[in-house]
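Welcome to this short tour. Please have your viewer ready, with the selection panel open, and follow along stop by stop.

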Amino acid sequence: MMLNKVVIVGLGLIGGSFASALKAAGAVNHIVGCARSAETLKLGLEMGVIDEAQPDIAEAVKGADLVLLAAPIGLTEMLLKKMQPGLDGKTVVTDAGSVKGNVIAAAKNVFGCVPDWFVPGHPIAGSEQSGVAASNPDLYKNHKVILTPTATSAPHAVALVSKAWQAVGADVLTMDVERHDEVLAATSHLPHLLAFSLVDTLAKEDENLEIFRYAAGGFRDFTRIASSDASMWHDIFVANKAAISTTLDRFEQGLATLREAVESEDSETMLGVMTRAKVARDHFTTMLAKRAYSKANEIESNQMTESNIVFTASPGGSVTGAIRVSGDKSISHRSIMLGALANGVTEVQGFLEGEDALATLQAFRDMGVVIEGPTQGDVKIFGVGLHGLQAPPGPLYVGNSGTSMRLLSGLLAAQAFDSELTGDESLSKRPMGRVANPLREMGASIETCEDGTPPIKIQGGQGLKAMQYKMPMASAQVKSCVLLAGLYADGETSVIEPAPTRDHTERMLRGFGYSVTTDGDRASLTGGGSLQATNIDVPADISSAAFFLVAASIIPGADLTLKHVGINPTRTGVINILKLMGADITLENASEAGGEPVADIHVRYAPLKGINIPQDQVPLAIDEFPALFVAAACAEGQTVLTGAEELRVKESDRIQVMADGLKVLGVDIQPTDDGAIIGGCEQGKAAFAGGHVESHGDHRIAMAFVVASLRASAEITIGNCANVATSFPNFVELATQVGINVSSSATRAG
Ligand code: S3P
């Protein structure tokens, strides 16, 4: 973009920085500065911020492409009136005021309407410094500029203002005027008002300002903005008084609640307020730092560059010792859900602090549930009862987690409020019709995209009716979704499954005192009961242990114990399949934890042979196939997998992605519609060549290829591994601990 003439009215930090940034970007030929003070204009010329000084506004704006009004907002009407004689209808005018309603009103007063060449704007940038001397050409880089065009603004005028701000490095977005003023009242004007008021209250009572001698970081952090320009803030408060009053009302209500809680020592309310605030503030910090869980807000994440985590795994590793892998993902999700819906306080131990389970936890916090932790796997949930959830403030973002989205949709379908579930790029491609369809049959009002993918929009307030649902696919998520909806339905809800799938929901509901009957392939419950809080010990996740079961089975000399692993028979397909292949696996110290069987698993190297994987084992090992493909490639003879079409709709198309990666590593593998035929390898030989493989953001694919390095002839690098944090955040640490040569590094991805 190239502008011929730009006029800056009000040559302070904001106007001066815009001028010097346009110049630095080579986006303007001539800049005219216009200010009341001759001193300011002189300085602007000396610094090279402007090319010409013109105290007469009407003269200054003549023939300009663009005028930026960057004077105090209280002067807007007067300045527009003064520039009117110099305007010819071609010059585009914008402003930089932090309130927009009054700027629109000023324009109407002067021109009788909002002219089509007027595009109000607001750069969200500034500094404690002021004046033209502080002009900084980088002030707007990566900062937001909000434009609030009106219905009458001409598209070419909006485009011109937008391009000018983009030329100086800003992210431009548009909003309507009322929304802008509400948002700014809450996020900027109210905090300034409070800071001024607090400092004044304290200062008034203490003439010598003695107490400030004792003020430490808390006071400084909270009140920094009270040293901002008083007359500027006076104008802003006046200009946005209606929106500020509304947000002040809400703040006063919140403060009164907290005051009452402190006075009556109501710990639950106090901790509720503070935990929610802490989480929200931490969330904001990570959002700004652009780290993983910051993705809680997709709008933000679209604008961010994520780091690409690459794993590098080299041959020569070993697998020995004793480790406890992180908590079971499925059970962790359910502990939060049922704990939140129970009456009373549920304490959880061994909770998986991975992104997926944290997404569920955050969703319930967003629905008003007080949850303390997680702190080293300990979580305390203050249950609100089956009917105590509150409407969330916005869409519930569940990241990469299919379990959160599918189970939550069952619960949300039965609530009195509307809700929306959104996810990351991978989850946004996964099928949700499988939960939306049965829920609709129960009477829910639920919408997905046309192809059945997220977001899921749910209209609350629908009475659900019980039903018998014959599931078309073996899915524990679908079964759990329907059963959770059934808690609210009128009558008995049954789910009939085509093959056994994990039954953690049924077991945990019983643990919370809710009767669930299981009869062969049918699980049933009757709506209208209640859940009583309990304590939950989450066992280690067999799906995470699986990578080590395979690792120890393929490398000679391996001898490893995996402690306190959940061995629910609906999850032990991986052990059964590996044993059929000849693995040496024994269970020790079997016991029970919270209704789930657990044991230590002892695994030693043994030569593996290829097999035809029995189809009845497929749903019992559904998450373990990436690791099992690696085992098959190390086995003598061919392994054939069939009946596993569900693998194509996991976090990635696991059949295709594993086949692509294994081919890169020299493995003879043929993908089929519902499985794969995997050529094996002679004992004692390297099963894999080195090379670079892509995990496509699928945690289990990334970890499987790390295991492959044990039998590789050269280094394997694996791209896009950040999502390992969804299910197994300390995978690299534990893999290194047992002797696998793996490291993780981050590179910036565009
Ligand atoms: C899960 C069920 C399985 C599994 C997923 C967790 C659960 O999904 O793959 O990782 O916690 O219910 P499906 O129900 O889609 O098979």
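A cavity here is a set of grid points where a 1.4 Å probe fits but cannot get out, worked out over the protein atoms alone. Keep in mind as you go that this is a predicted model.

**Stop 1: the domains.** Colour the chain by its four pieces: domain 1 (3-175), domain 2 (182-265), domain 3 (311-319 + 539-749) and domain 4 (336-344 + 352-536). Then place the C-alpha centres of domain 1 and domain 4, which lie 52 Å apart.

**Stop 2: the ligand.** Select the ligand and show the cavities; the space taken by the ligand is the largest cavity. Which residues surround the ligand? Show Lys 329, Ser 330, Arg 334, Thr 403, Arg 406, Ser 475, Ala 476, Gln 477, Arg 502, Ile 622, Asp 623 and Lys 650 as sticks. Coloured by type, this shell divides into two nonpolar, four polar and six charged residues.

**Stop 3: where the shell comes from.** Switch to a cartoon and pick out α13 (329-341), α15 (402-412) and α17 (476-486), each of which supplies at least two shell residues. Which helix gives the most to the shell? That is α13, with three residues. Bring back the domain colours as well: domain 3 (311-319 + 539-749) and domain 4 (336-344 + 352-536) each provide at least three residues of the shell.

**Stop 4: contacts with ligand oxygens.** Zoom in on Ser 330, where a polar side-chain atom lies 2.7 Å from an oxygen atom of the ligand. Move to Lys 650, whose side chain has an N or O atom 2.7 Å from a ligand oxygen. At Gln 477, look at the backbone instead: an N or O atom there is 2.8 Å from an oxygen atom of the ligand. Now turn on the surface: the ligand taken alone exposes 380 Å², and the protein buries 96% of that.

**Stop 5: backbone details.** Leave the ligand and select Gly 373 and Pro 374, which are joined by a cis peptide bond with omega near 5°. Pro 374 is found in strand β13 (residues 370-375). Next, select Pro 454 and Pro 455; the peptide bond between them is also cis, with omega about 0°. Here Pro 455 lies in a loop, between β17 (445-447) and β18 (456-459).

For the last selection, go to Asn 142, in the loop between β7 (121-123) and β8 (144-147). What is the phi of Asn 142? Its value is positive, about 60°, although Asn 142 is not a glycine.

Definitions and conventions
Residues are numbered from 1 along each chain as its sequence is written. This is a predicted model: local features need pLDDT of at least 70, side-chain atom pairs count only at pLDDT 80 or more; totals for chains, interfaces and linings use all residues. Side-chain values use heavy atoms; hydrogens and water are left out. A residue is near a molecule or strand if one of its heavy atoms lies within 4 Å of it. A polar contact is a pair of N or O atoms within 3.5 Å; within protein, one must be able to donate a hydrogen and the other to accept it, and residues adjacent in sequence count only if both atoms are side-chain atoms. Accessible areas come from the Shrake-Rupley method with a 1.4 Å probe; for residues, only the protein chains shown count as cover. On a 1 Å grid over the protein atoms alone, a cavity is a set of points where a 1.4 Å probe fits but cannot get out, and a pocket is an open set with protein on both sides within 12 Å along at least five of seven lines; lining residues have an atom within 4 Å of a point. A molecule sits in a cavity or pocket if more than half of its atoms lie within 2 Å of its grid points. Helices (H or I, at least four residues) and strands (E, at least two) are DSSP runs, numbered from the N terminus. Ala, Val, Leu, Ile, Met, Phe, Trp, Tyr, Cys and Pro count as nonpolar, Asp, Glu, Lys and Arg as charged, and the others, Gly among them, as polar. Domain bounds come from an automatic or database domain assignment.
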